Every structure is written in structure tokens, then in C-alpha cells.
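Student: Please take a close look at one part of this model and describe how it is put together. I would like the helix packing treated before the enclosed and open spaces.

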Amino acid sequence: MVIRKKKGEVKMKKFLIFLLTAVMLLSLGLVSVQADDLKVALVVAGAFGDRSFYDSSKAGLDRLIKEKGIDGVTIECNNENHDIQLRNAAEKADVVVAVGWEFYNVEEIAPDYPEVKFIWIDNATYEPIDNLLNITYAQNEGSFLAGYIAAAVSKTGVVGAVGGEDADTINDFIAGYRQGAEYYGTENGKDITVEVNYANSYDDPALGKDCAIALNDKGADVIFNIASAAGDGIFEAGAERGFYAIGVDSDQKYIAPDVIIASMKKEVGTSIFDAVSKFVDGDDSQLGTTWVADMATGYIGIGYGDDDMPQQVPDEVKDAISGIAQKIIDGEIVVETTRS
Amino acid sequence: MNDFGLLFNTVFSTGLFNEMLRRATPVAIAAIGGALTQHAGIMNIGMDGMILMGAFFGVLGSSIFGSAWAGLGLAVLVGVLVGLFFGLFVVKFKSDEFIIGTALNTFAVGLTSFLSRSIFGTQGAKGYPSLPNVTIPGFDKVPVLGAILNGHSLFVYLTWLLVLLFYLYIYRTPQGFWLRASGEKPQTLRTAGIAPERMKWTASILCGVLCCIAGAHLSLGYLNGTFAEKMSNSRGYIAFACVIFAASNPAKAYLAALMFGFFDAIGLRLQAYISSDLTSIIPYAITIIMMTYVVVSTRKKREKIHRRADI
């Protein structure tokens, strides 16, 4: 038996197909009409809500939308499909900001989209690429100050650092931190030991806590967090056992004002804002270069939280820090680095 | 020689054993649950996701009701639901356990990340009421043992009780006998008038509850009311390895968890002398060695039985 479709049903279907096609064509037209504003796509390797690195980049984009009137899109990779997301972004936007050292394939992707301007945050390509700006951060310089503060506040003369993994970027923090702590030691005739361990995880706060406790067992009473979310465990261990911690990437003091005495700040958002602003103003001269955002340019520094929070770092140490920061800017102190 | 003595003293401190106990606890609680499903003939690869759910809903409950006990309660409730979910697919629909377990792990990461960001606004949450630490007055004066055993979070001690309870349940009660039969010889159990499915359901629900307790302990006891995305960090898989190594005996699984904790803690302390990339291999290298031992020893046992049967 053949089931025959009613005439009305067929008509309905035809009408629906017509309607859908019309909507699609119209939306295509709308997209091409809107193309006046500069389209900026922010692609982050992880996800927003980390209260640190990625959120800072988002703040930069929000400021661009507000002050420069650009059209902003965000894409979160959640630590997978970096290449595909980067290509997706490049097909839609005029400027693609890749946030995270993980986007190393930008080296091959960027040349495929010569019309699109790329910015790569926190890492640099081996060879300069015509439509790509690399922004790296002199975290070693800020960590030098963190090390100095740690050594100055420490009572035991042992300061610690918990790293996320044994990798170049993390070791760049550690190199500066170690040098800064030892600088304080020689300056003030104090014996300073720097103890480091790696959590081998950025996600597991319980591991970070164990790492911090192990360092505290060795006598460390100020511990530097270089392990993202795993570092939350350091702050907890500090509250439980009565030692201090130093925050990382953004001013983290508000998370635990009694434990975190200072934070090493990387102004990721501001650097993105400044770089894209130049594109908006029609200045493309920075493409094809690597820009090291350092202390001299003001993108690296130390934060002590807000004034109403308890301040554990004595004022004379804060003054000394400003002096040392100037010496680093002037090149009087050369901070060691593991960046290539 | 003197150098070696110094190394020995810095590595083998009371802190090492303290950390061993802390690290072993969440793995051990999950492993008890894994032992139950393993006895019921279910290969449960989804424990990691269950732990993550427990960790999240523990903190969520703690934040909503302002009490860690309510958090624990919510985690247990979610554990029942997760167990039912797992049982529905594995026992009722007889789907592939491996696929369902893997799906559960992926689902747990997605769900907890989504809820964490939409409820707390960040990738994690911290500072909510946590479970108490237990300090026995006077015990801390006992040399060595006091430093190792005193002052831990509640569940470090409750785990001993759980191990004992479930050991008795599995090996000393009729239900435990049925549970084991449901995995080994389901037809025999059916002829005895008991549905093997009933025991499989029980096992998967109890496993869900225990894994979620393990997670709640991780976020509310191990940490002080802190959740972070993917914080289970493969503990479920380590628990699974413990179950296999212990031939599903909860007491042996606890010992296996202690061993993992021990080698993790040693690895952390050896970082001062060896590259951290190498020390992080230790638990996985131990797993391979353990598994080889299990395979070889069970084969020997089987051969012995066969030989006896020949005579």
C-alpha cells in the first residue's frame, strides 16, 4: 500500500524550504552589511573564570569594545582543538588574539590568512611572520621582585616556590625568583635558601597543598605560587600552617588577604589593549616582531592588594622594591632568564 | 655515606608518612566502591568522574547550606543518582561498561565545569565550610606516631572503619556472598533464587556513593571547601588500579592506595635530587610493576589448581 501525502502537506514543506532559504540569504546580507567595525577574536587556550591569566585577557577585550568600539568575539578552547579554533577565528575576524603558549601552530596557520592580523600571547615563533605579533612577558623580572620580598619577609631564611611543571616559562619565573632572593641575601648578609618543587599539574589544588606542605617541612615560610589553580592549595596550606604565599599573574591578594603578601602581576589585558589599539589607529608597524612586555613598559610589576587589606610587607621593603625595579629598568640589574 | 644519610633524613621524614596517609585516603574510599562493582562483574572505569561529581556537589552543598555536613549529604545523594545512572546503562540496558564509564568521566568534567562557572562565576570555588580535622589531645606528644597519625581530616580515620565494614560485608554476610556470585557465576546465583541484577544494582549504587564521598573528602576534607575543575586528577584510575591489584579485597586495596601515596610523596621529595619529569613517572611505573606481579601470581595460582585437578 502506498501512503500518499496530502496536497497541503507538500505545499507546507515547500513554503518552509522557501522560508528557510530566505532567512539564510537575508542573514548573509546582514553579515556583510555589518562589516564596518574591526572584528577582534580572542581565542584562549584554556577557559575564562581562572581569576588570572585568561580573565585578564578578557578584561583587555572588554576595554577595547568599550573604548575603541571594536566588535569582539571570544572562543574558549578548554585545552583542546587549538588549531581548529584558531582557524575558525581567522575565518571570521580581522584580528585574532591567541592567548596561551599552546598555540605554537600559529606559525603555520597565520601565513594561510594573510589578510588577518595575528597576536600571539605568552610565546614567540622561531621566525618572524609578516602578519603576526608575538607578545612575551618578562616574568623573570617580576619574579626577581617576588623573590626579594619573600627573602625579606622570611624568618627562617628558607623561601619556596611551587611550579606547575618543569617547563621553560615556569622556570623563567623560578630563575628570577631565585636570583631575587639571593640578591636580598647578599645585600643584607642573610643566608637564603630557595627550595622549589613541581606539582606536575595546573588543576589539582590537593597536589599544590601537598607540595607547599613539603616545602614548609623543609623550613620555607614564604611560598611563591606558579601553578595556576593547583596553587590554590598553597594558600590553604598557608592558612592552616601559618606561612605566607605570593600570588601570580594577577593581583591575587583578595583570595586570601592574610596569607598572600604580594603578587607578581603580568598585565596581559593591558598589553592586548595597547597592541590592538594600534591596529585600530591604522598602525601595523608592530607586525612581524616580538614584543617583550617587561618592567620598563609597565606590564610587569608587583601588587599588594587594596589598602584596606592587611599589609605584611613592611614599608621599607616596599620602598626597596621600587628602587630595585628602577635598577632593573635601567639595566643595572640583569635578571637571568630561561626564555630563548 | 654522610650525604646518603642526609638524603635519607630529608626524604624519610614524618611529613612523608603524613602525606602518604593524606594522599591515600580519597583513592582508598573510591577503591572500596570499585571493589564492590568489580565483585559484581562490572568493570568500572567511571570512578574518576564520580569522584569529580562528589567534589563539586560537596562544595555546592556546603556553599548553599553553610555546612560541610550538608555538603557531604548532597554528595551522597548525587552518588546515589550517579550509581543509578551507571546501573541503568550497565545493568538494565547491558551497554558496554567501558564506554559508559568513559562517557561518565567526560560528562562529569563538562557538567561540573559548566555548573561551577554558572553558579560560582569562576573555574573553581573556595573557602566554604569544610569537614573538621581530628586532633586527639595528648596524642601529639607521642613521638613519630603522633606526628604521623594525629590531626588529619575526619575521613582519614573513617576510611579505616569503611574498609573494615565493607570487608565484613563482602566476605562475611550472605549479601556479600551473593554479590561475589553475581560477578563470578550469575547463573548459579539465579538458581538459588536471587537475581544477579539486584546485586549489580546494589554494587553500582554503593560505588557511586563511595566515590562521591571520596570526592567530597577531597574538596571538603583534604582541601578546605575548595573546588577546581578536573581536580580529581586521575585518582579514579589509580583507585581502579588498586582494585585490580588487590583482587577486589578492600583491605588490600587500602594497602595499595597507601603504597601509591607513599611513592607519590617520595617522588615529591626526590624532586630536589632528580628531575620532576622522572619522579612523576613513579606511580605509573609502580602500576605496571604491580600489574605484572598480579598477572604472574594469578597465573601461578591457576596452574597450581590445574595441577591439583590433574592428580
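Tutor: What follows is an account of one helix and its two partners, then of a contact between chains and of two spaces. The model is predicted, and the values below are computed from it.

Two packed helices are described by the angle between their axes and the distance between the axes. Take H3 of chain B, residues 47-65, against H5 of chain B, residues 97-120: their axes come within 7 Å and cross at roughly 20 degrees. Angles under 35 degrees count as roughly parallel, and H3(B) and H5(B) are therefore roughly parallel to each other. The crossing in which H3(B) passes H5(B) is left-handed. On the H3(B) side, the residues that meet H5(B) include B:Met50, B:Leu52, B:Met53, B:Phe56, B:Phe57, B:Val59 and B:Leu60. On the H5(B) side, the residues include B:Leu104, B:Phe107, B:Val109, B:Leu111, B:Leu115, B:Ile119 and B:Phe120. By class, this contact holds 16 nonpolar residues, five polar and one charged. B:Asp48 of H3(B) is among the residues in the contact.

The second partner of H3(B) is H10 of chain B, residues 196-222, which packs at an angle of about 55 degrees with the axes 6 Å apart. H3(B) and H10(B) are therefore oblique to each other, and their crossing is right-handed. H3(B) contributes B:Met47, B:Met50, B:Ile51, B:Met53, B:Gly54, B:Ala55, B:Gly58, B:Val59 and B:Ser62. From H10(B) come, among others, B:Cys207, B:Gly208, B:Cys211, B:Cys212, B:Ala214 and B:Gly215. The residues here divide into 13 nonpolar and six polar, with no charged residue. B:Met47, B:Met50, B:Met53 and B:Val59 are listed in the contact with H5(B) and also in the contact with H10(B).

A contact between the chains involves H7 of chain A, residues 205-217, and H2 of chain B, residues 14-39. The axes of H7(A) and H2(B) come within 11 Å and cross at roughly 170 degrees. Angles over 145 degrees count as roughly antiparallel, and H7(A) and H2(B) are therefore roughly antiparallel to each other. A:Leu207, A:Asp210, A:Ile213, A:Ala214 and A:Asp217 of H7(A) meet B:Gly15, B:Glu19, B:Arg22 and B:Arg23 of H2(B). This contact divides into three nonpolar residues, one polar and five charged.

A:Ala214 also belongs to the lining of the largest cavity, together with A:Val196, A:Asn197, A:Leu215, A:Lys218, B:Leu268, B:Arg269, B:Gln271 and B:Ala272. One cavity of 30 Å³ or more is counted, and the largest has a volume of about 60 Å³. Strand E7 (193-198) and H7 of chain A, with H12 (250-270) of chain B, each supply at least two of the lining residues. The lining consists of five nonpolar, two polar and two charged residues.

H2(B) reappears in the second largest pocket, where H2, H8 (174-184), H11 (235-245) and H14 (282-310) of chain B each supply at least two lining residues. About 690 Å³ of space lies in this pocket. Of its 23 lining residues, B:Ala246, B:Ala247, B:Ser248, B:Thr298 and B:Lys301 lie nearest the centre. H14(B) gives the largest share of the lining, seven residues. The lining of the second largest pocket divides into eleven nonpolar, seven polar and five charged residues.

How values were computed: Residues numbered from 1 in each chain as written. Chains lettered and ligands numbered in written order. Predicted model: local features only at pLDDT ≥ 70, side-chain atom pairs only at ≥ 80, totals over all residues. Heavy atoms only, no water. Axes fitted to C-alpha atoms, helices over the stretch in contact; angles between N-to-C directions. Helix = DSSP H or I, 4+ residues; strand = E, 2+ residues; numbered from the N terminus. Parallel < 35°, antiparallel > 145°, perpendicular 65-115°, else oblique. Left-handed = near helix turned anticlockwise from the far one by under 90°. Contact = heavy atoms within 4.5 Å. Nonpolar A, V, L, I, M, F, W, Y, C, P; charged D, E, K, R; others polar. 1 Å grid on protein atoms, 1.4 Å probe; cavity = no way out; pocket = protein on both sides within 12 Å on 5 of 7 lines; lining within 4 Å. Points joined across faces, edges and corners; volume = space filled by probe spheres on them.
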